Amino acid sequence: MGKFFTANDEDIQRGLTTDVYFQRTEEILGSRGLLGVHTLAEFTVASLPESWPWAVLCGTEEMVRMFEGKDVDLYALPEGSVFTARTKKGIKLPVARIEGPYGQYCSFEAPALGFICYASGVATKSARCKLAADGRSVLSFGVRRMHPAMAPVIDRSSFIGGCDGVSSLKGAEVVGTKASGTMPHSLVIMMGDQRAAFRAYGETMDPSVARVALVDTFYDEKVEAMMAVEEMPGLQAVRLDTPGSRRGNMADIVREVRWELDLHGHPEVGVFVTGGLDEFKVKELAAAGANGFGVGTSISNAPTVDFAMDIVEKDGMPIAKRGKFAGRKYVFRCPDCLEYEVTLDRNAPPRCSCGKEMRWAEVKVLEKGRRLVPEERADHIRERVLQQLKGMSI
Ligand SMILES: [Zn+2]
C-alpha cells in the first residue's frame, strides 16, 4: 500500500483488487485441475441507468492493457462506440468477449468490469451534456468530487464522451491537451476585490490562456460582468457560478447578463455557466443564451453502466446461467443507422431494417495475449463519438 488508500498498477495487475470469491474459485478449480478449461465470456448490460437510450463505451483500453500478456483472445467494440443495451430484437449486446483457459482471467473479472462500467458512465453523461449544449463548449470540471487518483480516468472518459476540455493537469496530460479553467472565487477574495482580480488575471496569465472572468463573488452578476469588461482586455467570457441560495431562475440570470453585455456593445463576450449542471440544465441554459458550460459532479459522479461478465461457452459447448443467452455471438452494425444485431454466424451478416448489409463491429484486440491493434489517441476516439452523436437525442 502506498501513501494513499488506492491500488497501484501492480496491485491491479496482480489481481489484488478483485473480489475474494474469484480467488476462492481459482483455488477450488485448481484443486480439480479445471483452470485450463477453455471458456468464452462476454460483457453485456441488461439495461442502461436513468433510462438512457444509448451509452458510450469507454475504458476498454485499460481492460486491454490488463489482459495483455495473458493467454487470452479479446474482442471488443471500438472504444467510443455508441451502443444500446439490447438489439432491436431484445438480445443483450456483447460489447466485448474474452476467450481462453478460465484460470487466465477468472480473477480479473472485477477489475475488467470496473474499468468499463465507470468510464462508460462518465463518457455517456459527457456525451449527453455535449448533445444538450448543441455545439456549445462543455468542459469537464468534476475531478474534485472523486478520489484524486481517479482524476485522469474522469478526464479521459469525459473528453472521449465529447467534453471539449478537462480541468486537471494530469487528466490533460493523459488526454494530450492543455488543461482548461477560469478563476476561482478564492482569487477574487485574496486580491481584495473583483476589479483587482480581473486586472491581475489579464496582466499575469499567458496570452494563450482564455480571458474568462468569474463575476458572482461579491456583487450581482451583471454588475461584475461590466467590471470585467473594463478591467480585463480581450475578455472572452464571463463565468456565472451563482450560488444555489441566489438562483431564483438561472436562465433569467443568463438572459439578463447577456442583455447587459449586448447593451454595452460587447456581443463578443460569452456567458459561461458552472455549478450544479446536468444535461437538462445545460439544455435550458443554452436556450437562454449561455455559450459554454463547466459540468462537474453530474459527470464525475455519473451512474455506472452495470456491465456483467458471463461465461457463454465452455469446452466448445454453449452454456449460460439463467437470464443470459448462451453461445458464441458476433456483433454486427449498420454503417448508416448505427443499429446493432447479434448473430451466431460470423459469415452471415444480417440486414438492417434500412436494407443495408451490416458489418462485423468487433475488433480482435488480443490474440493469445498479443496486441493486434495499436492504442488509439483520445482525440481520435472523441471524434468518433461526436460523429455518432449526430442525429442522436438525449
Ligand atoms: Zn441501417
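Domain bounds here come from an automatic or database domain assignment. With those bounds, the C-alpha centres of domain 1 and domain 2 lie 38 Å apart. Keep in mind throughout that this is a predicted model.

**Start with the whole chain**

Show everything as a cartoon. The protein has 394 residues, and 42% of them count as buried. Its secondary structure comes to 13 helices and 18 strands. Along the principal axes, the C-alpha atoms fill a box of roughly 75 × 55 × 35 Å. Take the contacts with a separation of 6 or more: residues 24 or more positions apart account for 68% of them.

**Colour the two domains**

Select 9-120 together with 304-377 and give them one colour; this is domain 1. Give 121-300 another colour; this is domain 2. Now look at where they touch. The contact takes 13 residues from domain 1 and 10 residues from domain 2. Which elements give two or more residues to the side of domain 1 that touches domain 2? They are β2 (55-56) and α4 (109-132). The largest share of that side comes from α4, with 4 residues. By class, the side of domain 1 that touches domain 2 has 8 nonpolar, 4 polar and 1 charged residues.

**Select α4**

Stay on this helix and select 109-132. Is α4 mostly covered or mostly open? It is mostly covered, with 20 of its 24 residues buried. Next, check the span. At 1.5 Å a residue, the 24 residues of α4 should cover 34 Å. The end C-alpha atoms of α4 are 34 Å apart, so the span agrees with the expected value.

**Step off the end of α4**

Select Asp 134. This residue follows α4 and lies in the loop between α4 and β6 (137-140). Its phi is near 50 degrees, a positive value in a residue other than glycine. Why does Asp 134 count as exposed? It has 10 other C-beta atoms within 10 Å, and a residue is exposed if that count is 12 or fewer.

**Go into the core**

Select Leu 74 and Val 238. The largest nonpolar core has 104 residues, and these two touch the most other members. The helix from the earlier stop returns here: α4 gives the most to this core, with 11 residues. The core draws at least three residues from each of domain 1 and domain 2.

Centre on Val 238 and show what surrounds it. What does Val 238 touch, leaving out residues up to four places away in sequence? The list is Ala 213, Val 215, Ala 225, Ala 228, Val 257, Val 269, Val 271 and Phe 272.

**Visit Tyr 219**

Select Tyr 219, in the loop between β8 (212-214) and α9 (221-231). It has 13 C-beta neighbours inside 10 Å, so Tyr 219 counts as partly exposed. Then add Cys 163 and draw a C-alpha to C-alpha distance. Tyr 219 and Cys 163 are 30 Å apart in space and 56 residues apart in sequence.

**Finish at Leu 338**

Select Leu 338. Where is it found? Leu 338 sits in the loop between β14 (330-333) and β15 (340-343). Its phi is near 65 degrees, again a positive value in a residue other than glycine. Leu 338 has 19 other C-beta atoms within 10 Å, so this residue is partly exposed. The cut-off for buried is 20 or more.

Notes. Residues are numbered from 1 along each chain as its sequence is written. This is a predicted model: local features need pLDDT of at least 70, side-chain atom pairs count only at pLDDT 80 or more; totals for chains, interfaces and linings use all residues. Two residues are in contact if their C-beta atoms, placed from the backbone, lie within 7 Å. Ala, Val, Leu, Ile, Met, Phe, Trp, Tyr, Cys and Pro count as nonpolar, Asp, Glu, Lys and Arg as charged, and the others, Gly among them, as polar. A nonpolar core is a set of buried Ala, Val, Leu, Ile, Met, Phe, Trp, Tyr and Cys residues joined through C-beta atoms within 7 Å. The expected span of a helix is 1.5 Å times one less than its number of residues.
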